[in-house]
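Hi everyone, thanks for making time today. I'd like to walk you through one structure, so let me put it up on the screen.

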Amino acid sequence: MVDFATDQAVIGVVGAGAMGQGIAQVALTGGLHVTLYDLDAAARQRAGEQIAGRLDRLVEKGRMAADAAADAKARLTLADGLDGFANADAVVEAVTEDVAVKRAIFEQLEGLVGPDCLLASNTSSIPIARIAAGAKRPGRIAGMHFFNPVPLMALVELVEARETTPETLDALAALAQRMGRTPVRVKDTPGFLVNLGGRAYVTEALHIVQEGVAMPAQIDAVMRDCCGYRMGPFELMDLTGIDVNFPVTEIIHRGFFYDPRLRSTPDHRSLLDAGRLGRKTGAGFFTYDDGKPAEQPVDLVTNAEPPAKIVLLVDDPELTDLALAAEIEILAADDGESPIVTALPRGRDATQAAFDTGVEPSRLVAVDTEFDTSKRLVVMVPPGADFDSLQSVAAWLTASGVAVTAIQDSPGFIAQRIQAMVGNLGCEIAQRGLASPADIDTAMKLGLNYPMGPLELVDEMGPGRVHDMLMRMQQITGDDRYRPSLWLRRRALLGLSARTPD
Ligand SMILES: NC(=O)c1ccc[n+]([C@@H]2O[C@H](COP(=O)([O-])OP(=O)(O)OC[C@H]3O[C@@H](n4cnc5c(N)ncnc54)[C@H](O)[C@@H]3O)[C@@H](O)[C@H]2O)c1
């Protein structure tokens, strides 16, 4: 087998669509020889021109030397049949997402390429085992899942099917690095790593809406402002398209035999049924005018006066500082009329906090100070709460210069729920041995732009706190969706990092 890190290897690419072109381009810029084939001769020709055009633009932008671009172009060969791959050291298949078409290609390739040539599929959703089934040498077949647009997305998932040998994965990792990509390894599992790990963020947001806790725009604002995500879950789903993310969610849920952690909601499907597919159809969770989402109110705006006094149920430095700055008196005992403020009913809802402490629920206002509170604070009250307490607390917090989002009672507000679920799913992926802790974190940061990997997030929040949140969320809802992963439980109980291997 050639050493992809250094040798003048020949890479075959089957399919010259969006992905095949990108894969060919990064192989060329990585110094490899590329043979590109597409069934459609016109598409093949066009792909050759488009790749050359993109290399020229890299030169114009000063990102590539002119002679290097000329050299890269000279290393591209357009083949007019699969027999053009006879001398390939590895072939990456990126044709239409159809298992029968892919299997036929792998079958033909097996008869054409040398015994050491590696065969990889860029499939997004077909199990590699299904493509490799019946192959003469399944050990050399793996998934090599690139992300769109390939030249801009550094991540590549190397998918290890049942029969894939460690040597195949090692060689593909070297090949990915030669292409300037960052490889992560994952077992052949529904959704591979990024699509599987990404389910928590969107499905928990959908459950929050389903419970009537908050509107999509409010959830998006909280996840951007308090947790540093570049996009909220609903704008993300509208961007990728409901026709993509609903079926992906359904396939993964089914693939894990209906694990409730991966479950979506009827709202999600109904958008698909209604043809509200997101930005591309002008409507999804939001409606769009000229590509811009229609404004939705996310902040609580109030003319109320801030309270003169509050009862602070917990010792929370942030709320204490905010009260002192606003010259609000913090009462040592309930005076029977002032708002009762509590922070962090961690994983609990305001109802549970009132029940546990025995305070007057109608004046209780819970504030989430768990994450970044510099731009936005989330408040919630139990059912039957008195509107005045909420309004006056909101007036106080707004006057301190932050936006306030008021939601219905919820175990763990918005951010705790979504973050705990993102972390828990990362832990479960590690528990099942689907990928290493480091690769889980890398994949979610590079593939989905998460500010932190799921396991890094658990460590940042504290494994014990995340475990506690989930236990309470499970207890309050009675929903096994929230059951903590054993990976998390063990590390929480032993005081270990979430990244501690078994
Ligand atoms: N587009 C994405 O965002 C994305 C991301 C990751 C993975 N993928 C996967 O990559 C693969 C390709 O996706 P795409 O978006 O590039 O599709 P595409 O439709 O842009 O291109 C597919 C190409 O394959 C060619 N083709 C079809 N049958 C062929 C055959 N038998 N032999 C040779 N060529 C054939 C078609 O002519 C077409 O040019 C799919 O498996 C897809 O799931 C896509």
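Let's go straight to the ligand: 23 residues surround it, and the closest are G15, G17, M19, S124 and N148. Please keep in mind as we look at this that the model is a predicted one. Which helices each supply at least two residues of that shell? They are α1, residues 18–29, and α4, residues 99–112. The largest share comes from α1, with three residues. As for the chemistry around the ligand, the shell divides into 12 nonpolar, eight polar and three charged residues.

Now let me zoom out for a moment. The protein has 502 residues, and 51% of them are buried. There are 20 helices and 16 strands to find your way through. If you measure the C-alpha trace along its principal axes, it spans about 85 × 50 × 40 Å. And how much of the contact set links residues 24 or more positions apart? Taking the contacts with a separation of 6 or more, such pairs account for 69%.

With that in mind, I'd like to visit two helix pairs, and the first involves α10.

Helix α10 runs from residue 233 to 240 and is mostly covered, with six of its eight residues buried. Those buried residues are P233, F234, E235, L236, M237 and D238, so do notice E235 and D238 in that list, because a residue is called buried here on the count of its C-beta neighbours. What do the buried residues of α10 pack against? Their partners are α8 (199–210), α9 (216–225) and α11 (242–255). And just after α10 you'll find G241, which takes a positive phi of about 100°.

Let me stay with α8 for a minute. It packs with α10 at an angle of about 115°, and the two axes are 9 Å apart. That angle makes α8 roughly perpendicular to α10, and α8 passes α10 in a left-handed crossing. On the α8 side, the residues that meet α10 are Y201, V202 and A205, and on the α10 side they find P233, F234, L236 and M237. By class, this contact has seven nonpolar residues, no polar ones and no charged ones.

The second pair is further along the chain, so please scroll down with me.

Here we have helix α16, residues 415–431, and helix α18, residues 454–461, packing at an angle of about 120° with their axes 8 Å apart. The two helices are therefore oblique to each other. What is the hand of the crossing of α16 and α18? It is left-handed. From α16, the residues in the contact are Q419, V422, G423, L425, G426, C427 and A430, and they meet P454, L455, L457, V458 and M461 in α18. These divide into nine nonpolar and three polar residues, with no charged ones.

One last stop, and it is in α18 as well: E456 lies in that helix. Is E456 buried or exposed? It counts as buried, because it has 22 C-beta neighbours inside 10 Å, and the cut-off for that is 20 or more. To get a feel for distances, compare E456 with A69: the two are 387 residues apart along the chain, and their C-alpha atoms are separated by 39 Å.

That's my tour, and I'm happy to go back to any of these views.

Notes
Residues numbered from 1 in each chain as written. Predicted model: local features only at pLDDT ≥ 70, side-chain atom pairs only at ≥ 80, totals over all residues. Axes fitted to C-alpha atoms, helices over the stretch in contact; angles between N-to-C directions. Helix = DSSP H or I, 4+ residues; strand = E, 2+ residues; numbered from the N terminus. Parallel < 35°, antiparallel > 145°, perpendicular 65-115°, else oblique. Left-handed = near helix turned anticlockwise from the far one by under 90°. Contact = placed C-beta atoms within 7 Å. Nonpolar A, V, L, I, M, F, W, Y, C, P; charged D, E, K, R; others polar. Buried ≥ 20, exposed ≤ 12 C-beta atoms within 10 Å, placed from the backbone. Near = placed C-beta within 6 Å.
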